[in-house]
Amino acid sequence: MLRSLNDARNAVLFPATASEFAKAGDAVLYEITAATQSDKAAAVHLATDLALDLGSALTGWVLDDMVGKNAVAAMQARFEEVVTANADESAVAAYTAEKEAIAASQTWKMCEYTREGKLYDFWGHDYCTGMDHSLRRGARFVTSNPAKINLFRKENPELWAKLLDEAKAENPGASVEKIISAMFVKVTAINARVLKPIYDATDGGFGFVCVQTNPKNIGPDDDKKMVDEVLYWQEAYAKELGYQPINVVYKLPAVKGAVKAAEALVAKGIRICMTLNFSVSQHEIFAEIIQKGDKQCFVVIMAGFLDDNVAKELEAMGVENPKQYSKWAGVSVLRKSYANLRAKGLNKATIMAAAIRGPYTIEACLTDHADAPVVFTTMTEKIKEFDQEPRPLKSEMEDSTPADVMEILNKSTIFVKAYNRDKLDMDSVHDFVPLQAVSKVFTEAYMDIEKSLA
């Protein structure tokens with residue numbers, strides 16, 4: 001019987017020794033070859049996946065240093081032989097096209113520049129499924145939120161039902177809220193297991209999955225609810241995954257109620273990621289909290305949602321072609337906040353760019369400062385867009401926003417509040433238009449899950 005891709009990948013791409021690499025490769029190839037007689041489609045599929053893996057960024061975690069690129073290429077050729085000998089013409093063509101696309105990937109090239117010390121940028125997959133495309137191009141973590149977990153529910157009804165049965169059996173008599181928390185664990189644990197070898201290879205720095213607290217708990221007095229959910233998750237993930245330490249980072253909303261929650265969790269040595277972040281001031285407030293702890297944590301900049309809402313405001317003012325200006329909004333706040341956090345020595349809070357609308361935001365994330373790496377998280381379609389053409393892949397962090405663009409952006413009250421650290425405080429952040437818009441998306445997705453359980 002064929003082993004799963006994850007089991008095969010762990011054996012072949014993440015061996016403990018060079019001899020184990022050779023043995024694992026032989027064993028998996030033997031299984032695949034035997035399976036071509038009984039289940040050729042499954043055998044070819046697994047051989048294709050492993051051949052692609054062996055020609056991708058995944059070899060950089062262990063194999064390239066352990067056995068060398070020549071040995072890796074030789075093993076890839078053996079899996080490729082199975083594909084070409086057993087797959088039909090269209091499948092071989094699809095394999096070849098993906099192999100070439102991986103080799104030409106600008107995203108993978110960016111990751112290689114980071115390994116070489118030319119850049120200091122890392123990235124993650126922003127979805128609950130479809131990780132392979134990203135992992136092969138250097139992704140090293142996965143992010144989720146209530147909306148993405150709700151999409152998982154809709155796209156994978158049979159698996160969702162199976163996991164739901166497990167969650168209910170393990171939590172008899174639990175409230176709907178507790179069952180949803182348990183389902184968030186079940187869904188994201190799928191990714192956590194895949195990422196575990198990267199977590200080990202980076203000494204826990206990456207290879208994690210992010211999970212977000214109940215978006216309805218966003219009020220000024222909801223700090224205890226946030227903390228309680230995270231502490232429940234700490235135990236639930238340990239049971240679900242069956243290993244310690246768990247490779248999970250917890251997302252909290254960057255609002256007033258999360259200040260005490262962030263302080264409590266950081267004091268316990270728990271890694272957090274502050275989402276619903278749009279401004280220099282939010283970043284600074286939570287970066288100061290994070291700096292008091294001993295773990296590297298994250299402050300998100302939801303660049304695309306900021307851009308979207310600035311565009312709406314500019315359009316309402318009669319600005320022609322507002323998107324040519326609004327696409328600079330998130331980029332400008334990112335660079336302003338980056339400089340501010342570096343100047344203040346708040347180096348335990350890494351900026352994570354999210355809600356990316358195009359290659360321009362990824363390019364703006366590129367930095368050559370070793371003391372302040374930047375990460376971004378995005379979906380496959382945005383990586384494909386970034387990979388479409390060669391790029392300079394050089395630091396743009398110190399680049400300035402054109403003066404004529406800034407003149408227009410400063411007409412937007414949304415941009416002014418996000419860009420200027422004294423224009424948005426914790427008492428007024430709940431009324432900030434981009435935060436309200438995204439919070440609504442998360443809450444509606446959560447309520448959609450609630451309805452499905454009724």
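Helix α11 bends by about 50 degrees at Leu-195, and a proline, Pro-197, comes within four residues after that point. Keep in mind as you look at this kink that you're viewing a predicted model. How long should α11 be? The helix covers residues 176-201, so at 1.5 Å a residue its 26 residues should span 38 Å, and the end C-alpha atoms sit 37 Å apart, which agrees. Now check its surroundings: 19 of the 26 residues of α11 are buried, so the rest of the structure largely encloses this helix. Just past α11 you'll meet Asp-203, which has a positive phi, near 55 degrees.

Next, find the sheet. Seven strands make up an open sheet, and if you walk across it you pass them in the order β1-β7-β6-β5-β4-β3-β2, with parallel pairing. At the edges are β1 (121-125) and β2 (209-212), each of which pairs on one side only. On average, neighbouring strands here are turned by 30 degrees against each other, if you ignore direction. What holds such strands side by side? Strands of a sheet pair through backbone hydrogen bonds, either parallel or antiparallel.

Let's zoom in on a few of these pairings. Starting from the β2 edge, four bridges join β2 to β3, and the two run parallel. Here Val-211 stands opposite Tyr-250 in β3. Further along, strand β4 (residues 272-275) is joined by two bridges to strand β5 (residues 297-302), again running parallel. Met-274 has Val-299 in β5 as its bridge partner.

Strand β3 deserves a pause. Is it buried or exposed? Six of the six residues of β3 (residues 248-253) are buried, so the strand is largely enclosed by the rest of the structure. Both of its faces are covered: Val-248, Tyr-250 and Leu-252 are buried on one side, and Val-249, Lys-251 and Pro-253 are buried on the other. Over at the β1 edge, helix α7 (residues 106-115) lies across β1 and β7 (374-378), and α7 runs at about 140 degrees to β1.

Leu-252 takes us from the sheet into the nonpolar core. The largest such core has 161 residues, and among them Leu-252 and Phe-286 touch the most other members. The helix we began with gives the most to this core: α11 supplies 12 residues. What does Leu-252 touch? Setting aside residues up to four places away in sequence, its contacts include Thr-213, Met-226, Val-230 and Leu-265, plus a run from the β4 part of the chain: Ile-272, Cys-273, Met-274 and Thr-275.

Phe-286, the other well-connected residue, leads us to helix α14, where it is one of the buried residues. This helix (residues 280-291) has 12 residues and reaches 16 Å from first C-alpha to last, close to the 16 Å expected at 1.5 Å a residue. Nine of those 12 residues are buried, so α14 too is largely enclosed by the rest of the structure. The buried ones aren't limited to residues like Ala-287, Ile-289 and Ile-290: Ser-281, Gln-282, His-283 and Glu-284 are on the list as well. To picture a helix like this, remember that an α-helix has 3.6 residues a turn, so residues three or four places apart point the same way.

Now for some single residues. Ser-332 is found in helix α17 (residues 329-343). With a relative accessible area of 3%, Ser-332 falls under the 20% cut-off, so it counts as buried. Leaving aside neighbours within four places in sequence, Ser-332 is in contact with Thr-401, Met-406, Leu-409, Phe-415 and Tyr-419.

You don't have to be in a helix or strand to be buried, as Thr-59 shows: this residue is in the loop between α3 (40-53) and α4 (63-66), yet Thr-59 is buried, with a relative accessible area of 6%. Beyond residues up to four places away in sequence, Thr-59 touches Leu-13, Asp-53, Leu-54, Asp-64 and Val-72.

Finally, compare two residues that are partly exposed. Val-433, in helix α22 (residues 433-453), has a relative accessible area of 39%. Val-433 and Leu-306 are 127 residues apart along the chain, but their C-alpha atoms are separated by 9.0 Å. Leu-151 lies in helix α9 (residues 146-155) and has a relative accessible area of 33%. Its C-alpha is 9.1 Å from that of Tyr-127, with their positions 24 residues apart in sequence.

Technical notes
Residues are numbered from 1 along each chain as its sequence is written. This is a predicted model: local features need pLDDT of at least 70, side-chain atom pairs count only at pLDDT 80 or more; totals for chains, interfaces and linings use all residues. Side-chain values use heavy atoms; hydrogens and water are left out. Buried means under 20% relative accessible area, exposed over 50%, partly exposed in between (1.4 Å probe, protein chains only). Contact means heavy atoms within 4.5 Å. The expected span of a helix is 1.5 Å times one less than its number of residues. The bend at a residue is the angle between axes fitted to the seven residues ending there and the seven starting there. Two strands pair if DSSP finds at least two bridges between them. Axes are lines fitted to C-alpha atoms, for helices over the stretch in contact, and angles run from 0 to 180 degrees between N-to-C directions. A nonpolar core is a set of buried Ala, Val, Leu, Ile, Met, Phe, Trp, Tyr and Cys residues joined through side-chain atoms within 4.5 Å.
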